[in-house]
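Colleague: I have the model open and want the main points. Please take me through it.

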Amino acid sequence: MTETNYPRYRAYGLHNLDKIAQLALLPASFRHHLEMAAQVLPFRTNNYVVNELIDWTDIPADPMFQLTFPQPGMLPAREAMHLRTRMAGKPSKARIKEAVREIQTGMNPHPAEQATLNVPHLQGRPLAGLQHKYPETLLIFPREGQTCHAFCTYCFRWAQFCGMEKLRFACQDPMAPSRYLDAHPEITDVLITGGDPLVMRTRALRRYIDPLLARRDNRPATIRLGTKSLAYWPYRFFADGDADDLMRLLEQIVTSGRHLAIMAHFTHPRELETPAVEKAIARLKDVGATIRCQSPIVRHVNDSSEVWRGMWQRQVALGAVPYYMFVARDTGPEKYFRLPLARTWMIYSEALRRVSGLGRTVRGPSMSASPGKVLLDGVAEINGERVFALKFLQGRNPAWVNRVFFARYDDQAAWFDDLKPAFGQQEFFFEADYRRIKATADETLMTADQG
Ligand SMILES: *Cc1c(COP(=O)(O)O)cnc(C)c1O
Ligand code: SF4
């Protein structure tokens, strides 16, 4: 088969909606609503998602459609009405932009404290585009990888993609990670992430990976690539012009004696069904990569145990490893996607019960909160009080990890911040320690600013 049999990548956004033939078959009002929502939320999709993933006979309910096309319900109702009024008649571009910014600002565009607490320093200077939150793993956000082959409507980096936020996490110096490794012997894993680093050309990606492979101390022992390309553009791995080159680069990581982990973001089993994704996964396995799978759980897209059971089973069948189920963050169209933790836990448990042990490698539901990754481990009754059992899978202080603690059961709570300590306690066990860590970090930052 020649390469010309495969489609070439074609991005769609607000500016070329009319190129999506399938949309023409939908009622005009529908397209109008889409255009409104896409003013506020980042929107980008492509010919693979449109032609091979979305089921156009089931619009708007189709989960793949919900995943990449902003929906009217994703905007807060009052603001949506406001925007509709503003858009009536022929408002100037500036007027529209102003209204759009107002709505965006009201949608918690900057969740957590990532910008300050996780930025590593070397000799008193901040290293842009690196993150070091947990001792063993360094994150790299290469500048060229801070976009995606399509955007997920639930993305917590949405503010960055619609230009609200500067690219705070953008590394332009491929040597910086290695210098940082020199100063931090505790780091074993490097995670190259984004956005999606596999939107980068292989040549650009290689500039970040070569210095890691050139090290004499065999660190990092593991290189991870965080990507949604298997789901959104599997042709990246066998049909793109530099796909073979990419495979050579990945193979080099493995032959250097390192573990190569593709941290694959799969949201729905449909993403694992196409011939293209099968072929891409087979190729990755050929070069010796391990594929570990993770996704948030959200309403309208994957909020059923059947979907998760199907997804984990299919991952195992393809030789991939179910790894994390995340709780979606409290940002953007969060209310649209919001699921009570109690329900999330039920879905997780029911799905887990119906796969074999090979599928039960998945950990979750996990909340990436400011103090760490918090696992919702179960619902229990202790001395007559209904509680959530929690524990840290990762913590800013590793001493917190794997210690069980309890929050009052709350059938409305949907995020870690909604939880209160059980048994009448004033605060969770880690909070005093966490305050101390934050105070120390603030001090370091202040010193660094002055230096
Ligand atoms: C999840 C995460 C990691 C990796 O954690 P593992 O449990 O090793 O997969 C590293 N850094 C950050 C900031 C994370 O959120
Ligand atoms: S692939 Fe990840 S970074 Fe990209 S839009 Fe989806 S959630 Fe956001």
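**Strands, ligands and loops**

Colleague: Which residue in β14 is the bridge partner of Ile-382?

Modeller: This is a predicted model, so local features need pLDDT of at least 70 and side-chain atom pairs pLDDT 80 or more, while totals for chains, interfaces and linings use all residues; side-chain values use heavy atoms, without hydrogens and water. Residues count from 1 along each chain as written, and chains are lettered from A and ligands numbered from 1 in written order. β13 (residues 372-382) and β14 (residues 385-395) run antiparallel, joined by ten bridges; strands are DSSP E runs of at least two residues, numbered from the N terminus. In β14, Ile-382 is partnered by Glu-385.

Colleague: Which strands stand at the edges of the sheet?

Modeller: Eleven strands form an open sheet with mixed pairing, in the order β5-β6-β7-β8-β9-β10-β11-β12-β13-β14-β15. Each edge strand has a single partner, so one side of it lacks a neighbour in the sheet. Strands pair if DSSP finds at least two bridges between them. The edges are β5 (130-131) and β15 (405-408).

Colleague: How much of the accessible area of ligand 1 does the protein cover?

Modeller: Eleven residues need not be listed here; Gln-131, Lys-133 and Arg-363 are among those surrounding ligand 1, with a heavy atom within 4 Å of it. Ligand 1 oxygen atoms lie 2.7 Å from a side-chain N or O atom of Tyr-323 and 3.1 Å from one of Gln-394. Alone, ligand 1 has 390 Å² of accessible area (Shrake-Rupley, 1.4 Å probe). The protein covers 86%.

Colleague: Which strands each supply at least two residues of the shell around ligand 1?

Modeller: The shell divides into four nonpolar, three polar and four charged residues. Asp, Glu, Lys and Arg count as charged; Ala, Val, Leu, Ile, Met, Phe, Trp, Tyr, Cys and Pro as nonpolar; the others, Gly among them, as polar. The strands are β6 (137-140) and β11 (321-327).

Colleague: How many charged residues does the shell around ligand 2 have?

Modeller: Cys-148, Cys-152, Cys-155 and His-265 are among the residues surrounding ligand 2. By class, five of the shell are nonpolar and two are polar. The charged count is one.

Colleague: Which proline follows Arg-219 through a cis peptide bond?

Modeller: The bond has omega near -5°. The proline is in the loop between α9 (202-213) and β8 (222-227); helices are DSSP H or I runs of at least four residues. It is Pro-220.

Methods. A polar contact is a pair of N or O atoms within 3.5 Å; within protein, one must be able to donate a hydrogen and the other to accept it, and residues adjacent in sequence count only if both atoms are side-chain atoms.
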